[in-house]
Amino acid sequence: MTSNSTSSPSAQEHLLFDTLTDRWRSLREAGPVRYDEAQGVWQVVSHEGVAAVLADPATYSSDMTPIAPTQEDFEAFKQGNFVGMDPPEHRKFRTLVSQAFTPRVVHGLEPRIEAVCARLLDAVADRDRIDMVDALAYPLPIIVIAELLGIPAEDHPLFQEWAATLFGGDQLGDAPDMADLERALEAIAPTVREMNSYVLEHIRRRRTTPGDDLTSKLIAAEVDGVRLRDQEMVGFVALLLVAGHVTTTALLGNALVAFDRNPGTLTALRADPGRLPDAVEEVLRWLPPFPELGRRVAKPVVLGGHELQPDALVMAHLGAANRDPGRFAAPDALDITRSPNPHLTFGHGIHFCFGAPLARLEARIALRMLLDRFRDLAVPTYDDVTYQNPAVLVGVRHLPVDVVRP
């Protein structure tokens, strides 16, 4: 990952970096708004269009209930999952959760994140080749989230199993349609049931014996005399536990791959560590972990000259919007000095990612520690790198890296 890195291209490398980038470019070239016949969805790909869709929940709803296949276990999970809610319900849940998950809480995690990073890297101190996902990118966020929620961190293999099932996309192709989604829901329903049951039991334990953790604070939070019920908390706690960690895992892996693919980047960061926050933002722009956000049309609207009817499905394409040449100079280049960087990876408007400050903090600390500990890091071959299904999650499953210590 320095100027003398000699990584060799392979079929898998081509899949993630060339095919993915080419697809995002071809989406933009087809126009800012187009109908995808195969998937039965409207694709919105310009930065301006995506931002407008995400900023208008009255027209573009996050509640997919009217058009999504129903599944009992998902209905239970959805009760407190405010990612799929519109105002005023969304406002109530977000306000309640905000009382517990404050900026002060996130900032206070910094020493603990540093300690966990140090312990994880100490555990591989005798190795010259390290799978950075197994050693750091996966366990770091899951340990931090579990401790934050007051959940036993030693259960993390279970959380990893859930995340692999929910976000692996093993049941889906590159362009899934509604029938594919129905089959996927049925396939992952037992996992959702297990997760719901585990989280509900944890919440009930904390209600009986509260502690200083986020779950206990959620139980105590109230707005206008209203508190969250146990089942309503399940959706949020499960969301934070599973979705909250996969984003950071993907971000860290994507950062290391991005730096490796752009020789000299780590050298520049080592010379000026103050650039790390900007580098993290650029990786988020360049390879957004979740490249698309779905919205349901709630009322007739004209979008990009097209008339859309209620219950039409709109996909706001973050991956394409983040490389819109009308918004970003040299959009396909990784520029760790890019400023401003108005990427849309964490969303826009009322649904801006709740866990963004924590993901950014974890990434900055972990990358800084890697810079401090290693004089060089390089992906020796992309033949050994494995990827997530980019239709669901843009990230690596395994990332062997050769390391050189000072």
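Contact, as I use it in these notes, means heavy atoms within 4.5 Å.

**Ground rules**

I'm working on a predicted model, so I note that local features need pLDDT of at least 70, side-chain atom pairs count only at pLDDT 80 or more, and totals for chains, interfaces and linings use all residues. Residues are numbered from 1 along each chain as its sequence is written, and side-chain values use heavy atoms, with hydrogens and water left out.

**Entry 1: the whole chain**

I started with contacts between residues at least 6 apart in sequence: 75% of them join residues at least 24 apart.

Next I looked up the secondary structure and got 16 helices and 14 strands. These are DSSP runs numbered from the N terminus, with helices being H or I of at least four residues and strands E of at least two.

Then I checked the overall dimensions. The C-alpha trace spans about 55 × 55 × 35 Å along its principal axes. For 406 residues a compact globule would have a radius of gyration near 22 Å, and the chain's 21 Å agrees with that. The radius is taken over C-alpha atoms, and the globule rule is 2.2 Å times the number of residues to the power 0.38.

On the surface side, I have about 16900 Å² of accessible area, 53% of it from carbon and sulfur atoms. That comes from Shrake-Rupley with a 1.4 Å probe, and for residues only the protein chains shown count as cover. Buried residues make up 55% of the 406. My cut-offs: buried is under 20% relative accessible area, exposed is over 50%, and partly exposed is in between (1.4 Å probe, protein chains only).

**Entry 2: H14 against H16**

How do the axes of H14 and H16 cross? I find that helix H14 (residues 276-286) and helix H16 (residues 356-373) have axes that come within 10 Å and cross at roughly 115 degrees. The axes are lines fitted to C-alpha atoms, for helices over the stretch in contact, and angles run from 0 to 180 degrees between N-to-C directions.

The crossing of H14 past H16 is right-handed. By the convention I follow, right-handed has the near helix turned clockwise from the far one by less than a right angle, and left-handed has it turned anticlockwise.

I listed the residues that meet. From H14 they are Leu276, Pro277, Val280, Glu281 and Leu284; from H16 they are Arg360, Ala363, Arg364, Leu367, Arg368 and Leu371. By class this contact has 7 nonpolar, no polar and 4 charged residues. For the classes, Ala, Val, Leu, Ile, Met, Phe, Trp, Tyr, Cys and Pro count as nonpolar, Asp, Glu, Lys and Arg as charged, and the others, Gly among them, as polar.

I also checked burial along H14. Of its 11 residues 9 are buried, so H14 is largely enclosed by the rest of the structure. Among them are Glu281, Glu282, Arg285 and Trp286.

**Entry 3: Arg338 and the loop before H16**

Arg338 sits in the loop between H15 and H16. Buried or exposed? Arg338 counts as buried, at 8% relative accessibility.

Leaving out neighbours within four places in sequence, I see Arg338 in contact with Glu282 and Arg285, and also with Phe328, Ala329, Ala330, Pro331 and Ala333. Arg338 and Asp278 are 60 residues apart along the chain, yet their C-alpha atoms are separated by 7.0 Å.

**Entry 4: backbone oddities**

Most residues other than glycine have a negative phi, and most peptide bonds are trans. I went looking for departures.

- Ser339 to Pro340 is a cis peptide bond, omega near 0 degrees, and Pro340 is in the loop between helix H15 (318-321) and H16.
- Ala330, also in the loop between H15 and H16, has a positive phi of about 45 degrees.
- Pro87 and Pro88 are joined by a cis peptide bond with omega about 5 degrees; Pro88 is in the loop between helix H3 (72-78) and helix H4 (89-100).
- Asp311 has a positive phi of about 75 degrees, lies in the loop between strand S9 (306-308) and strand S10 (313-317), and is partly exposed at 37% relative accessibility.

**Entry 5: Leu228 and Thr215**

Leu228 is in the loop between strand S6 (226-227) and helix H12 (230-261), and is buried at 5%. Beyond four places in sequence, Leu228 touches Phe93, Leu96, Arg207, Leu218, Ala221 and Met233.

Thr215, in helix H11 (residues 214-220), is buried at 0%. With the four-place neighbours set aside, Thr215 contacts Leu149, His202, Ile203, Arg206 and Met233.
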